[in-house]
Number of protein chains: 2
Amino acid sequence: MKKAAAGPRFALGVDFGTNSVRALLVDVADGTELVTHVVDYPSGEQGILLDPKDPNLARQNPADYVEGFYESVSAVVRAAKRRRGFRPEHVVGIGIDTTGSTPIPVDRQGTPLAMKRQFANNLDAHAWLWKDHTSAAEAAEITRKAARAKDRYLSKCGGTYSSEWYWSKILHCRRAAPDVFDAAYAWVELSDFLPAFLTGNTDPHTLPRGICAAGHKAMYHEQWGGLPGKAFLRSLDPKLAALRDRYASRALTSDQKAGGLVAAVAEKVGLPPGVPVNVGALDAHMGAVGSGIKRGRLVKIIGTSTCDMMVAPMDNDLPDVPGLCGIVPGSIVPGMYGLEAGQSAVGDIFNWFVSYLTPARYAHGDPHANLTRDAEHLKPGESGLLALDWNNGNRTILVDPLLSGLLLGQTLHTTAAEIYRALVEATAFGALTIINRLEEYGVEVREVVNCGGIAEKNPFVMQVYADVSNRPMKISRSAQACALGAAIFGAVVGGAYKSVGAAQRRMTGVKPLVYRPNKAASKTYAELYRLYRQLHDAFGTTGYRGRMENVMKDLIAIRNRVRTGRD
Amino acid sequence: MKKAAAGPRFALGVDFGTNSVRALLVDVADGTELVTHVVDYPSGEQGILLDPKDPNLARQNPADYVEGFYESVSAVVRAAKRRRGFRPEHVVGIGIDTTGSTPIPVDRQGTPLAMKRQFANNLDAHAWLWKDHTSAAEAAEITRKAARAKDRYLSKCGGTYSSEWYWSKILHCRRAAPDVFDAAYAWVELSDFLPAFLTGNTDPHTLPRGICAAGHKAMYHEQWGGLPGKAFLRSLDPKLAALRDRYASRALTSDQKAGGLVAAVAEKVGLPPGVPVNVGALDAHMGAVGSGIKRGRLVKIIGTSTCDMMVAPMDNDLPDVPGLCGIVPGSIVPGMYGLEAGQSAVGDIFNWFVSYLTPARYAHGDPHANLTRDAEHLKPGESGLLALDWNNGNRTILVDPLLSGLLLGQTLHTTAAEIYRALVEATAFGALTIINRLEEYGVEVREVVNCGGIAEKNPFVMQVYADVSNRPMKISRSAQACALGAAIFGAVVGGAYKSVGAAQRRMTGVKPLVYRPNKAASKTYAELYRLYRQLHDAFGTTGYRGRMENVMKDLIAIRNRVRTGRD
């Protein structure tokens with residue numbers, strides 16, 4: 001670690017979420033968070049452009065990202081300047097993270113089509129938001145054809161290509177909106193577009209492409225020479241093959257500098273021109289870095305859904321792990337494999353229950369808090385309920401959007417709080433299933449660090465996770481881990497640290513409060529998890545031919561045992 | 001049919017329910033219902049004595065029945081006397097029906113122990129209400145031992161003895177409250193106790209015993225000489241065998257006269273002494289008669305739970321039907337087999353949902369009506385949901401209280417009204433399963449007549465039943481079919497008709513409004529029923545080893561087809 005003698009140094013992390021952008025100014029010496037500012041995107045509904053006729057469609061206005069950067073960063077700089085000792089020249093580097101896969105159709109110069117007059121009102125010419133699910137048929141086709149390909153393009157992303165990913169969306173545009181497809185010279189990931197724009201290098205041929213989005217979302221892997229081969233792309237559509245050559249063919253890790261801030265942008269935000277900007281990456285990966293990810297440490301980013309992130313050394317021979325969203329060299333920490341898993345819905349399931357099924361007595365004030373007050377007094381197994389956490393499908397380990405929720409064990413006295421707890425437990429069982437899968441394939445999970453809204457604000461959920469997984473649950477010190485992760489990369493590209501690991505050791509940490517498993521609870525949950533896993537395998541995998549008749553009876557037996565205090 | 005020339009003739013039906021007693025005065029000529037009066041039982045909580053320490057316990061004060069008779073019948077007689085042309089001497093007979101199995105421990109004279117000072121506060125000395133579930137262990141033991149018995153005592157009641165039934169409760173009393181057991185000379189069913197008391201013949205040895213409770217609840221069958229043999233009873237407990245000889249060993253059908261109203265009772269209610277009283281029967285069986293049950297006509301009594309009643313001729317060789325609660329000669333209509341099936345919870349499931357899970361927007365006024373308004377506009381399959389109707393176990397065809405509810409297919413957008421509809425559909429699927437089972441064993445269901453609160457008041461539920469079963473749903477003309485059924489037996493024992501069938505032809509009928517199946521809805525429901533049956537067999541039977549992985553995907557496919565209007 002080197003430290004300039006010139007006084008304080010700061011890094012700026014800019015985290016482009018789905019509904020807002022957050023800028024965070026951090027002291028590179030110890031990660032102290034000086035100023036943060038959040039800007040909601042102005043276009044659409046909470047920043048999202050919707051089609052009333054198609055609930056699967058979710059687009060964004062690329063101009064919102066640019067405006068969001070201007071507004072959030074200039075606000076941070078203005079606020080920081082009011083502090084003693086801060087000068088804009090103290091900002092050594094800027095790190096960028098974004099949602100993804102969020103491909104944007106651009107012209108030959110790299111300008112988003114949506115920013116051109118003739119496409120301004122064409123939803124297909126905007127950014128295709130990660131949660132856009134219009135491309136389910138194309139995803140299935142890609143999965144089918146990739147499975148037959150010699151190069152096993154899906155071996156690094158769990159064996160199934162998602163409708164949320166890069167090629168599915170482009171192929172769907174080719175079929176559903178050929179005018180937009182034909183007008184697009186290339187499709188640039190949002191995490192690449194922003195650094196390109198900020199550093200004045202938007203030419204699709206030359207703009208730096210991040211390994212994170214390329215590897216996790218576009219089937220990029222060195223094993224088959226980068227992107228999938230032209231023959232394969234041609235098998236999807238003849239016109240797709242041309243795209244391969246029009247967008248940087250070599251992908252870079254995020255400790256690389258994309259360029260220096262161009263004068264026009266620098267002026268708008270009150271920073272000196274030339275401040276180094278990193279090669280962008282996806283938000284969850286940056287959040288993992290901001291939570292101090294390292295070998296053996298699982299970072300869970302728990303919000304409406306989860307991302308479960310691990311790193312593994314590249315010196316040993318990591319097998320392909322079935323069901324993982326991706327295994328990509330350098331996608332999280334350069335020099336290590338980045339592993340991404342996740343649950344399609346966690347907070348979203350609790351929110352669904354509160355929005356649609358919360359009785360009046362829990363509705364006043366914060367229904368989550370009200371339900372939690374009753375739910376947290378229940379003992380594991382006491383309700384006799386068991387749920388599957390599949391209301392939005394299953395991302396890991398089944399990689400199957402065509403699944404749905406299940407609740408079992410209801411009596412004539414089952415309460416809302418009991419169901420709420422069962423849903424929380426279901427997401428914990430889903431989380432444990434991911435941990436187990438990692439360990440089955442040799443990726444040892446020695447500790448778990450959580451970040452995101454639920455980790456921050458919900459002790460009840462975190463305690464259930466500790467009890468269900470029978471592991472301590474630690475919480476990331478930073479409540480804005482994604483932006484902090486981006487700032488760490490800003491510090492590295494700004495020369496404050498030689499490596500991401502060195503920066504992490506100084507700039508990240510966990511809170512003193514640790515949720516420790518309760519022995520008795522963990523014992524009951526081990527029984528319940530066996531039943532969860534039985535339902536999971538029966539409804540979620542092909543070929544299950546085991547019995548089911550024990551499930552309700554076992555739950556009743558556990559319930560009776562717990563209620564009579566023999567537990 | 002004979003009709004006296006002496007002017008108008010009336011029959012009185014007295015229906016002893018769980019929470020109240022209903023007296024109904026009927027014109028025997030055409031079933032016209034003149035006056036009715038309902039009296040709530042005064043003791044306990046809604047007439048039920050509870051133990052705060054044991055939710056399974058449910059007892060009743062036998063004195064409530066006597067008081068309830070006095071109060072309801074005298075009110076009816078008083079009101080009738082205000083009408084022109086009615087005189088108490090016009091009452092030709094009284095019919096009695098009660099809940100059951102509701103055994104009452106009595107002394108040598110037939111006086112309930114609970115009416116004696118030293119047992120007045122002893123819950124075990126009161127009537128053991130049908131819904132008392134304290135005797136689950138004893139029921140399991142009886143099932144186990146009866147299965148080994150040469151005489152196959154359970155062959156006429158579906159193969160499983162219930163904790164709600166006669167011997168389970170007595171055996172439990174022997175073990176849990178030996179002081180009460182030892183003080184009891186005999187255990188008399190409520191449906192026998194009331195006619196005995198009203199006619200002044202309470203001696204357990206000589207009081208007329210009804211075939212209905214004996215056959216359906218006490219394993220009485222002529223095939224093995226009445227009650228189970230002493231050796232069998234001794235195998236349960238040596239002291240049980242003695243009871244066999246202390247309570248009329250031959251059971252009678254309800255068209256038999258138990259005796260004439262004793263003067264003391266007659267005086268209290270304003271009727272002449274000597275009015276014939278029938279041999280009592282259970283309420284559901286009387287309700288079936290009041291709804292015009294006959295060969296090929298299934299009568300469904302739909303309330304918090306259902307009773308599904310059929311009759312079959314005794315000339316052909318009816319096989320034992322697995323899962324039926326009972327097949328008893330003459331238990332409904334004398335001269336025919338009475339078949340009883342049922343669902344453990346129907347209205348109770350809807351009430352559970354409304355009580356525990358109805359969001360504020362549906363809570364004002366009548367939540368059922370509010371939910372129905374949204375639920376009835378949904379198309380079959382549109383929600384993607386499928387439920388099992390087992391929140392209170394499954395009475396027919398699985399005869400298993402150790403089952404529980406299941407809801408499957410939830411998304412992040414599933415609404416309360418969608419779930420409400422899925423629960424209604426689940427009970428309809430359960431109803432269809434009973435129809436199918438009857439027909440599989442040669443009991444043809446040519447028409448369905450419904451009665452009870454839900455049949456009366458809920459067109460939405462009845463339409464779903466019509467669509468799911470693909471059969472017209474008719475509604476009994478009388479809204480108080482049990483009391484009417486009792487009155488019919490009163491008319492028969494009073495000599496107004498020679499047979500129950502003859503009385504039914506004049507005194508019962510169906511409403512003009514018939515719920516007819518919608519062809520398209522029935523088609524989708526046929527698909528959904530296959531999936532219901534798959535879950536039913538997987539979770540409810542032993543030995544299922546089929547696949548499950550199709551269930552969620554099939555529901556999603558049906559949902560997408562229905563929503564896109566290709567259905």
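This is a short guided tour of the structure, stop by stop.

**Before you start**

The model is predicted: local features need pLDDT of at least 70, side-chain atom pairs count only at pLDDT 80 or more, and totals for chains, interfaces and linings use all residues. Residues are numbered from 1 along each chain as its sequence is written, chains are lettered from A and ligands numbered from 1 in the order in which they are written, and side-chain values use heavy atoms, with hydrogens and water left out.

**Stop 1: chain A as a whole**

Select chain A. Along the principal axes, its C-alpha atoms fill a box of roughly 70 × 60 × 50 Å. Chain A has a radius of gyration of 24 Å, which agrees with the value near 24 Å for a compact globule of 567 residues. That radius is taken over C-alpha atoms, and the globule rule is 2.2 Å times the number of residues to the power 0.38.

Switch to a cartoon view. Chain A holds 19 helices and 22 strands. These are DSSP runs numbered from the N terminus (helices H or I, at least four residues; strands E, at least two).

Of the 567 residues in chain A, 65% are buried. Buried means under 20% relative accessible area, exposed over 50%, and partly exposed in between (1.4 Å probe, protein chains only). Contacts count when heavy atoms lie within 4.5 Å. Among those in chain A between residues at least 6 apart in sequence, 72% join residues at least 24 apart.

**Stop 2: an enclosed strand**

Select residues 306-313 of chain A, strand E16. Why call this strand largely enclosed by the rest of the structure? Eight of its eight residues are buried. Look along the side chains. A:Thr306, A:Asp308, A:Met310 and A:Ala312 point one way, while A:Cys307, A:Met309, A:Val311 and A:Pro313 point the other.

Now add residues 297-302 of chain A, strand E15. E15(A) runs antiparallel to E16(A), joined by four bridges. Strands pair here if DSSP finds at least two bridges between them. Three residues separate E15(A) and E16(A), and the two form a hairpin. Find A:Ile301; opposite stands A:Cys307.

Next, add residues 336-343 of chain A, strand E18. E18(A) pairs with E16(A) in the antiparallel sense, over eight bridges. A:Pro313 has A:Met336 as its bridge partner.

**Stop 3: salt bridges**

How many salt bridges does a search of the whole structure find? There are 56 over all chains. Each is a side-chain nitrogen of Lys or Arg within 4 Å of a carboxyl oxygen of Asp or Glu.

Select A:Glu89 and A:Arg87. Their side chains meet at 3.2 Å, N to O. A:Glu89 is exposed at 51%; A:Arg87 is partly exposed at 48%.

Move to A:Lys239 and A:Asp182. Their closest N and O atoms are 3.0 Å apart. A:Lys239 lies in the loop between helix H7 and strand E11, and A:Asp182 in helix H4, so the pair ties together parts 57 residues apart in sequence.

Then select A:Arg59, A:Asp124 and A:Asp132, which a network of salt bridges links.

**Stop 4: across to chain B**

Show both chains. A:Glu549 forms a salt bridge with B:Arg545, with 3.4 Å between the closest N and O atoms. Each residue lies in the loop between helices H18 and H19 of its chain, so the pair joins two chains. A:Glu549 is buried at 14%, whereas B:Arg545 is partly exposed at 39%.

Finish at B:Asp27, in strand E2 of chain B. Is B:Asp27 buried or exposed? At 19% relative accessibility, B:Asp27 counts as buried. Leaving aside neighbours within four places in sequence, B:Asp27 contacts B:Arg9, B:Phe10, B:Thr32, B:Leu34 and B:Met507.
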